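Visitor: I have a structure on my bench and would like to understand the words people use for it. Could you walk me through them?

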Amino acid sequence: MVIYGVGLLAFCMLCGLICGRALGWLIGVDANVGGVGISMLLLIASCEFLRHKGRLLVASQQGIVFWSSIYIPIVVAMAATSDVRSAITGGPLAILAGVLATVLCAAMVPVMDRMFRKGQSQDDGGLAKGHGDD
Amino acid sequence: MIDFIASMQKVLLEHQLITAFAVVGAIVWLSYQISDRLTAGRVHGSAIAILLGLALAYLGGLITDGKKGLADLPLLAGIGLLGGAMLRDFAIISTAFGINVNEIRRAGMSGAYSLLLGIFISFFVGAAVAFSFGYRDAVSMTTIGGGAATYIVGPVTGAAIGASSEVITLSIAAGLVKAILVMVATPWIASWIGLNNPRTAMIFGGLMGTTSGVAGGLAATDPALVPYGAMTATFYTGLGCLLGPSVVFIVIRFLIG
């Protein structure tokens, strides 16, 4: 049934958010640390588990796929409710700080990619060997 | 006649979320028409939809003087629920379905380093800009730096170290500028920075950190990359709130003496 998929998704989200909150509490910040990321990992793990057992039926999958296909409209709604006016009226300081941080961080993407791709080629060799032993 | 209009409005008011679906559906449809007919598909429909959404949010802010864009108009309050953190996160998590676990395992470390690098770059860039505009005390510099990280890190950091409300407002504005810029600019710069595979998406999410920006920017670039970017970005705000009032504040205070 479709609701099984939606229910599983909801369950993963709640568990993940609780973990994220707990992680925040442990390191002493009043914020959710990676709750959404943890939820995603839980969803991946539970789907893998169910698939192995042959219990992940097509109907249940639809309950999850629906939400991922409604993602873009939700993001559009998010954009339509953001505080654009405050961003624009924040003045040159706010605009310059936001723009410079974005530009510099974007420029670091290829740098990080190259740096880790170099290390990766050795890692990959090790990983491949490890899998062979399995 | 006025009675008639009022009672029709009541239908929309009482079914806010349904109204939101209809309005957002119309915005998305219009955007894909523009994409097809005016740009021959060159500009992705979702990129136009996000731009249109931001423009409407600006209008909403002008009309109502509020902070929630279109959702401040009573008839369109449902858009606030549809685009709010609850459903947004629910949808982001669902995109993890069908993600490639090996990609995450392989790019995990680069994602973690990107997080730290992204947080520190944003803080120090923001602090430097604050300094050049005459905010030369460590508290204000750190708070505005936090805003350059995300619009949540800024006020959280500011509250923790006792920044003035004027500075906190500036930091929120800086964070909003970043979120909006990432939403709008990502599809245009994607090919320059090699943002076309899960690994760079994870690095991108870690460096940018603004969940709303990354969620919107990647959706407009390639929806298949969304889960990878979101995965790292969701750790950013929490880590920023941890590092800002502690490590970063101490370093900045040390640097300016």
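Guide: Gladly. This is a predicted model, and a good place to begin is where the chains touch: 94 residues of chain B are in contact with 61 residues of chain A. By class, the chain B side of that contact has 64 nonpolar, 23 polar and seven charged residues.

Visitor: What makes two residues count as being in contact here?

Guide: Their C-beta atoms, placed from the backbone, have to lie within 7 Å.

Visitor: Which helices pack across the two chains, for instance?

Guide: One pair is helix H4 (residues 71-80) of chain A with H3(B), whose axes are 7 Å apart and meet at an angle of about 25 degrees.

Visitor: Why are H4(A) and H3(B) called roughly parallel?

Guide: Angles under 35 degrees count as roughly parallel. The angle for this pair is about 25 degrees, so H4(A) is roughly parallel to H3(B). Their crossing is right-handed.

Visitor: Which residues meet in H4(A) and H3(B)?

Guide: From H4(A) come A:Ile72, A:Val75, A:Val76, A:Ala79 and A:Ala80, and from H3(B) come B:Ser46, B:Ala49, B:Ile50, B:Gly53, B:Leu54, B:Leu56 and B:Ala57. They divide into ten nonpolar, two polar and no charged residues.

Visitor: Let us turn to each chain by itself. What is the secondary structure of chain A?

Guide: Chain A has six helices and zero strands. Of its 134 residues, 45% are buried. Among its contacts between residues at least 6 apart in sequence, 53% join residues at least 24 apart.

Visitor: And how many helices and strands are there in chain B?

Guide: Chain B has twelve helices and zero strands. Buried residues make up 59% of its 257 residues. For contacts between residues at least 6 apart in sequence, 64% join residues at least 24 apart.

Visitor: How do you know whether the radius of gyration of chain B agrees or disagrees with that of a compact globule?

Guide: Set the two values side by side: a compact globule with 257 residues would have a radius of gyration near 18 Å, and chain B has 20 Å, which agrees. Along the principal axes, the C-alpha atoms of chain B fill a box of roughly 70 × 45 × 30 Å.

Visitor: Now a pair inside chain B. Why are H8(B) and H12(B) called oblique?

Guide: Helix H8 (residues 153-161) and helix H12 (residues 226-255) of chain B pack at an angle of about 40 degrees, with axes 9 Å apart. Roughly parallel would need an angle under 35 degrees, and roughly perpendicular one of 65 to 115. An angle of about 40 degrees fits neither class, so H8(B) and H12(B) are oblique to each other. The contact is made by B:Val153, B:Val156, B:Thr157, B:Ala160 and B:Ile161 of H8(B), together with B:Thr237, B:Gly240, B:Cys241, B:Gly244, B:Pro245 and B:Phe249 of H12(B). By class, that is seven nonpolar, four polar and no charged residues. The crossing of H8(B) and H12(B) is right-handed.

Visitor: What makes H6(B) and H10(B) roughly parallel?

Guide: The axes of helix H6 (residues 101-132) and helix H10 (residues 198-208) of chain B come within 7 Å and cross at roughly 25 degrees. With the cut-off at under 35 degrees, H6(B) and H10(B) are therefore roughly parallel. Their crossing is right-handed. The residues that meet include B:Glu103 and B:Arg106 in H6(B) and B:Arg199 in H10(B). The contact divides into eight nonpolar, five polar and three charged residues.

Visitor: Let us finish with two loop residues. Why is B:Thr39 called partly exposed?

Guide: Buried takes 20 or more C-beta neighbours within 10 Å, and exposed takes 12 or fewer. B:Thr39 has 13, so it counts as partly exposed. B:Thr39 is found in the loop between helix H2 (16-38) and helix H3 (45-64) of chain B. Its C-alpha atom is separated by 22 Å from that of B:Ile180, 141 residues apart along the chain.

Visitor: And how do you know that B:Asp65 is exposed?

Guide: B:Asp65 has 9 C-beta neighbours inside 10 Å, so it counts as exposed, the cut-off being 12 or fewer. B:Asp65 lies in the loop between H3 and helix H4 (78-82) of chain B. Although not a glycine, B:Asp65 has a positive phi of about 70 degrees.

Notes: Residues are numbered from 1 along each chain as its sequence is written. Chains are lettered from A and ligands numbered from 1 in the order in which they are written. This is a predicted model: local features need pLDDT of at least 70, side-chain atom pairs count only at pLDDT 80 or more; totals for chains, interfaces and linings use all residues. Axes are lines fitted to C-alpha atoms, for helices over the stretch in contact, and angles run from 0 to 180 degrees between N-to-C directions. Helices (H or I, at least four residues) and strands (E, at least two) are DSSP runs, numbered from the N terminus. Angles under 35 degrees count as roughly parallel, over 145 as roughly antiparallel, 65 to 115 as roughly perpendicular and the rest as oblique. A crossing is left-handed if the near helix is turned anticlockwise from the far one by less than a right angle, and right-handed if clockwise. Ala, Val, Leu, Ile, Met, Phe, Trp, Tyr, Cys and Pro count as nonpolar, Asp, Glu, Lys and Arg as charged, and the others, Gly among them, as polar. The radius of gyration is taken over C-alpha atoms; the globule rule is 2.2 Å times the number of residues to the power 0.38.
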